[in-house]
Structures are given as C-alpha cells and as structure tokens.
Amino acid sequence: MPIPSNLAVVTGASRGIGAAVARMFSEEGMAVLLLARNREALDGVAAYLEAEGGAPHVLAVDISVSADLEKVSAFVKAFKGKLRYLVHNAAVARVGRVATMSMADWRRTLDVNLTAPFSLTQKLLPFMKDGGHIFFVNSVAGRQVFPEWAAYSASKFGLRALADALRMELAGEGIKVTTLYPGAVDTPLHENLPYNWERGKMMKPQNIADAIKYIIRQPGNICINEMDLASASGLF
Ligand SMILES: NC(=O)c1ccc[n+]([C@@H]2O[C@H](COP(=O)([O-])OP(=O)(O)OC[C@H]3O[C@@H](n4cnc5c(N)ncnc54)[C@H](OP(=O)(O)O)[C@@H]3O)[C@@H](O)[C@H]2O)c1
C-alpha cells in the first residue's frame, strides 16, 4: 500500500461520529490525524484503521488548550503531503436551565464547541491550499433552540457564523467550507444526558460519515455549503 499523500485531520475522533468519519477518510485512502483527549480510545480507533490497511496518526490533545493546538500544527507542518481535510467535530453537550447553569459549564461549552474550532482553523489554515475542504459538524441545535440547551445552541449558532464567514473569506482560494446540521445521532454523547430519547430511532455515526463521503466526491467546481440530516423516524 503506498504512503498516503493527503491528510485528513478529525477532532473528536476517539468515538461516535468522529471515529466513523476518520474511518471513512481512511477507507478513501487518506492519512488521518485522530484528535481527542483519551489516548487509549484513540489508540483503539487507530488500531482498527491500521488493521484495515489505513495510515492513522494519533495526538492526545485537549482542543481548548492552546499549547495542545501547537502540537497539532507542528504535526501538520512536518507531514510529508497535503492537508486536504479538516473536520471540526469534537464538542461537549452540557445542558441545564439558564437560571441554574454554572458559569463553568457555560464557559466549557463555548470553549470546546466554538473557540477551539476558531483557534484550530487559524493554526491550520497556513497549511491548507487549493483543494482543501473544512467541515463543521454542527447540529439541529445550531438552527433551532430547545429549553435547557442554551449553552450548546449558543455555541452551535456561533459555529454557524464562524463557518459562514470563513466560507466567504476563503472563496477564491479554492478551499471549501461545509457545515453539517444533524439531528439526533446514536453516540456516547447521549449517555450522560438526562433524557430518555429512543436511541434506536436516531441516525448512526456512519450516516454522517456517508454524508461527508458524498460531499467530498462532488466535482471540484461545486461546494455543498450546508447539509441538514434528520432521522427518517421523525425524531429530531
Ligand atoms: N450525537 C448527537 O445526537 C449529535 C447530533 C447533532 C450533532 N452532533 C455533533 O456531532 C459532533 C460529535 O458528537 P458525538 O455525538 O460523536 O459525541 P461524542 O460521542 O460525545 O464524542 C465527542 C468527541 O469529542 C471529543 N472531545 C470532547 N471534548 C474534547 C476536547 N476538549 N478536546 C478534544 N476532543 C474532545 C471526545 O473525546 P475525548 O473525550 O477523548 O476528548 C469524543 O471523541 C459534535 O459536534 C456534536 O455536537 C451530535
């Protein structure tokens, strides 16, 4: 198998949607840089990508920590090849009523879900050239607000603004920007939430990976700017 000359960077690649997206890029012949905090979980994902003939790389980083993002940019700078894809996927879901949510939860949500993608974009843009493509995994909560989801929605509405501005700024440089707005997806994100939503009715992480595969297979002269994805079961 030849060494891949194209790199895909995926945040939150240790589980859930990020792990499925990383696997899709690997199957498409990319080298993949897997980012998340949990080293053991990242190594687990890397092991099966390797077993499938892929070329994964792992960095255990907290994307809200500036020094950790320096490690990511140092890796990308040293990579012998082209940074082709950047997927902003990592996020936290801290829920609670506005009246009682802690400042720590509010800040953490905005730091991880909004400020970190801004900062990582700044760090990696110098390495992304014509043919690059940046994805933002947003949410139905980036379109619509729900009670107890103010912090999460604020971060995702903000992420929409970041992506839309970036798309306009990069128009003409040959770098595409796409935002995905999925409804509920059956991932570990739901394990710590105080709701009894029917996980069997939710989309699967593979559905999101397949959507990104569809988007990257489009001809170079078109960009799918946005895609809404919902479970056909009618669940949001
Ligand atoms: N699941 C849904 O219903 C749903 C619906 C719409 C949109 N989304 C969006 O889809 C994306 C992925 O969600 P998911 O459902 O796959 O969530 P998940 O299963 O909870 O996975 C979240 C990922 O983000 C990583 N992460 C969290 N904080 C991080 C930090 N500070 N630094 C680096 N990595 C961090 C986690 O790894 P570590 O813990 O190891 O750091 C994990 O890999 C998110 O943007 C989410 O908002 C999810």
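In this predicted model, strands E4 (residues 82-88) and E5 (133-137) pair in the parallel sense over four bridges. Within this pairing, Leu-86 stands opposite Ile-134 of E5. Helix H4 (residues 103-124) belongs with E4 and E5 to a β-α-β unit, and this unit is right-handed. On its other pairing, E5 is joined to E6 by five bridges, again in the parallel sense. Phe-136 has Thr-179 of E6 as its bridge partner. From E5 the chain passes through H5 to reach E6, in a β-α-β crossover that is right-handed.

Five of the five residues of E5 are buried, so the strand is largely enclosed by the rest of the structure. The side directions in E5 divide its residues into two groups: His-133, Phe-135 and Val-137 point one way, while Ile-134 and Phe-136 point the other way. Residues of both groups are buried.

Strand E6 (residues 176-182) is also joined to strand E7 (residues 226-229), by four bridges, and the two strands run parallel. Here Pro-182 stands opposite Leu-229 of E7. The chain gets from E6 to E7 by way of helix H6 (residues 205-216), and this β-α-β crossover is left-handed.

Strand E1 (residues 6-11) has five buried residues out of six, so the rest of the structure largely encloses it. E1 runs parallel to E4, to which five bridges join it. Ala-8 of this pairing stands opposite Tyr-85 in E4. E1 also pairs with E2 in the parallel sense, over five bridges, and Val-9 stands opposite Leu-33 in E2. Between E1 and E2 the chain crosses through H1, and the resulting β-α-β crossover is right-handed.

The largest nonpolar core of the model contains 57 residues. Those with the most contacts inside this core are Val-9, Val-10, Val-21, Ala-22, Val-32, Leu-34 and Leu-35. Helix H1 contributes the most to the core, giving seven residues. The surroundings of Leu-34 can be listed beyond residues up to four places away in sequence: Leu-34 touches Val-10, Ala-13, Ala-22, Leu-42, Val-45, Ala-46, Pro-56, His-57 and Val-58.

A ligand is surrounded by 28 residues, of which Gly-12, Gly-16, Arg-37, Asn-38 and Ala-91 are the closest. By class, this shell is made up of 15 nonpolar, ten polar and three charged residues. Helix H1 (16-27) and strand E2 (31-36) each supply at least two residues of the shell. The largest share comes from H1, with three residues.

Helix H5 (150-170) follows a loop that starts after E5, and Glu-148 is located in this loop. Glu-148 is not a glycine, yet its phi is positive, at about 75°. Most residues other than glycine have a negative phi. Glu-148 counts as partly exposed because 17 C-beta neighbours lie inside 10 Å, whereas 20 or more would be needed for a buried residue.

Two residues within H5 differ in burial. Leu-159, which is found in this helix, is buried, because 22 other C-beta atoms lie within 10 Å. Gly-158, also found in H5, counts as partly exposed because the number of its C-beta neighbours inside 10 Å is 17. When residues up to four places away in sequence are not counted, Leu-159 touches Asn-113, Leu-114, Pro-117, Phe-136, Asn-138 and Gly-142. One of these contacts, Phe-136, points the other way from His-133, Phe-135 and Val-137 in E5.

Separations from these two helix residues were also computed. Leu-159 and Glu-173 are 14 residues apart along the chain, and 21 Å separates their C-alpha atoms. Gly-158 and Ser-231 are 73 residues apart in sequence, with a C-alpha to C-alpha distance of 24 Å.

Technical notes: Residues numbered from 1 in each chain as written. Predicted model: local features only at pLDDT ≥ 70, side-chain atom pairs only at ≥ 80, totals over all residues. Pairing = 2+ DSSP bridges. Right-handed = clockwise from strand over helix to strand, strands pointing away. Near = placed C-beta within 6 Å. Nonpolar A, V, L, I, M, F, W, Y, C, P; charged D, E, K, R; others polar. Core = buried A, V, L, I, M, F, W, Y, C linked by C-beta atoms within 7 Å. Buried ≥ 20, exposed ≤ 12 C-beta atoms within 10 Å, placed from the backbone. Contact = placed C-beta atoms within 7 Å.
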